[in-house]
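Student: Please take a close look at the inside of this structure. What is packed there, and what is left empty?

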Amino acid sequence: MKRFFINTQSLFIVFLSLLVLNVLCESETESTNLAPMEKTEKEALYSAIQGFVGKWWNGSELYPDPCGWTPIQGVNCDIFDGFWYITVLNIGPIHDNYLGCTKNSEFRRDLFEFKHLKTLSFFNCFLSPNKYSIPTQNWEKLAGTLESLEFRSNPGLIGQIARSFGGLTKLQSLVLLENGLTGELPINLGNLISLRRLVLAGNMFIGEIPASLGGLTELLIFDSSRNFLTGPLPNTFGGLTSLLKLDLSNNFLNGKLPSELGNLKNLTLLDLRNNKFSGGLTESLHEMDSLEEMALSNNPIGGSLMGFKWENLQNLVSLDLSKMGLTGELPESIAELKRLRFLGLNNNNLSGNLSPKLAALPSVSALYLNGNNLTGELKFSEWFYGKMGRRFGAWSNPNLCYPVQLMSTGHVPYGVKPCQEEVTLLNIDSKTNLGGENLSQSTSSVASLGCSICGVDGSWWDFRAKEMVSVLLLSLIL
């Protein structure tokens, strides 16, 4: 009986707790639903959206309670001091029933009247060519709250980056991706000390990268690829110690890679492909032991791979050093990169023999060495060739060959010739004299003749060598 009483008492307490919690939730929901929205905030929202989607859009009728029971797609709100305020505004096809832009879209001043706006983005909105530009004024009104500003895939958006962006000191993300923007990068972007992501890729920016960007010590991602940037990579980039990804590919950057890059201990991606960098590999790169991807291909960097401590880069998964004018031999230390999956060294001037240790890389799935001056016999296994197929590229190395024994297996490196078998001539005692002449001298002449023929056409020599030796020997005897 006592046990039943205790269980009943426990159930009563649980029921009472749930009842109180439900009352509190209903009270909070009711107060939230009843929270007013400042008239100026609501009117600014209707006007700003109408500027992008067209005058036909009547927000006050379609969405009389935009932060309550009639929410607008792409718009988020939050309560401050008992009032609803806009915190997120996304224009473009991001959500269902999205706010699509008209051909006559415009930035209205009302866009800058939101007192608590944190996120503003435009995706696939400005499409008509050469028609729209980013406003140059009024951004300072959002400086106290705006944390993310994005313009993505707006080919009709032209003009330069507004210098007033440099005053948005609370920005953590600035994304200007695949628009039609031009001009130089403003120096005062270096004032955005809270930035964690800076993406400027896929525009038509020109000029040099401002050295001031090296002061963005909180930056995690910097992508300014696919532009027309020129000049050297600033030494100040050694100060970007938090950086995880650096992509400056497909520009016209030049000069020697600064040794300060070795300070980027947290970097996982370094992509500098398709530029004009020169002056050899910077030795400090081997200090970037967090690197997973290094792509330096199609730069006239030149120099040798020897002396570089490749074994330090144990996290490397992809290494692309193709079309760089590299010379010298291939160091065996590259074979110590146990996580390496892709190795591209094609179209350089590398020479020497290939170490069979390369085939022992446990993770490699693509290895391209074609278009070099490598020599000697490939000593990789039949299993390796079978696994790799044409993902092992060794063609266009004229003096490289594979053992003829592999021909019967069907697993041979594509585009590589089989090695020629050596021919051993008959060894005759040097004291044997026939017809008043030393036979060894004659056979030496034959051997010399045979080697010259072999160098011209090895297959013809295999067919004719024995017959020639026999005829010459008989002529000496007779």
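**Inside the model**

Tutor: The structure holds two cavities of 30 Å³ or more. A cavity is a set of points on a 1 Å grid over the protein atoms alone where a 1.4 Å probe fits but cannot get out. Points join across faces, edges and corners, and the volume is the space filled by probe spheres set on them. This is a predicted model: local features need pLDDT of at least 70, side-chain atom pairs pLDDT 80 or more, while totals for chains, interfaces and linings use all residues. Residues are numbered from 1 along each chain, and side-chain values use heavy atoms, without hydrogens or water.

Take the second largest cavity, with a volume of about 40 Å³. Its lining (residues with an atom within 4 Å of a point) consists of Leu-330, Pro-331, Glu-332, Ala-335, Leu-354, Ser-355 and Leu-358. Five of these are nonpolar, one is polar and one is charged.

Now the packed part. The largest nonpolar core (buried Ala, Val, Leu, Ile, Met, Phe, Trp, Tyr and Cys joined through side-chain atoms within 4.5 Å; buried is under 20% relative accessible area, 1.4 Å probe, protein chains only) has 114 residues. Trp-139, Phe-151 and Phe-165 have the most contacts inside this core. Elements that each supply at least two residues include helix 2 (39-53), strand 5 (148-154) and helix 4 (382-388). Helix 2 gives the largest share, seven residues. Helices are DSSP runs (H or I) of at least four residues, strands (E) of at least two, numbered from the N terminus.

Look closer at Trp-139. Beyond neighbours within four places in sequence, its contacts (heavy atoms within 4.5 Å) include Phe-112, Leu-120, Phe-151 and Phe-165.

Methods. Buried means under 20% relative accessible area, exposed over 50%, partly exposed in between (1.4 Å probe, protein chains only). On a 1 Å grid over the protein atoms alone, a cavity is a set of points where a 1.4 Å probe fits but cannot get out, and a pocket is an open set with protein on both sides within 12 Å along at least five of seven lines; lining residues have an atom within 4 Å of a point. Ala, Val, Leu, Ile, Met, Phe, Trp, Tyr, Cys and Pro count as nonpolar, Asp, Glu, Lys and Arg as charged, and the others, Gly among them, as polar.
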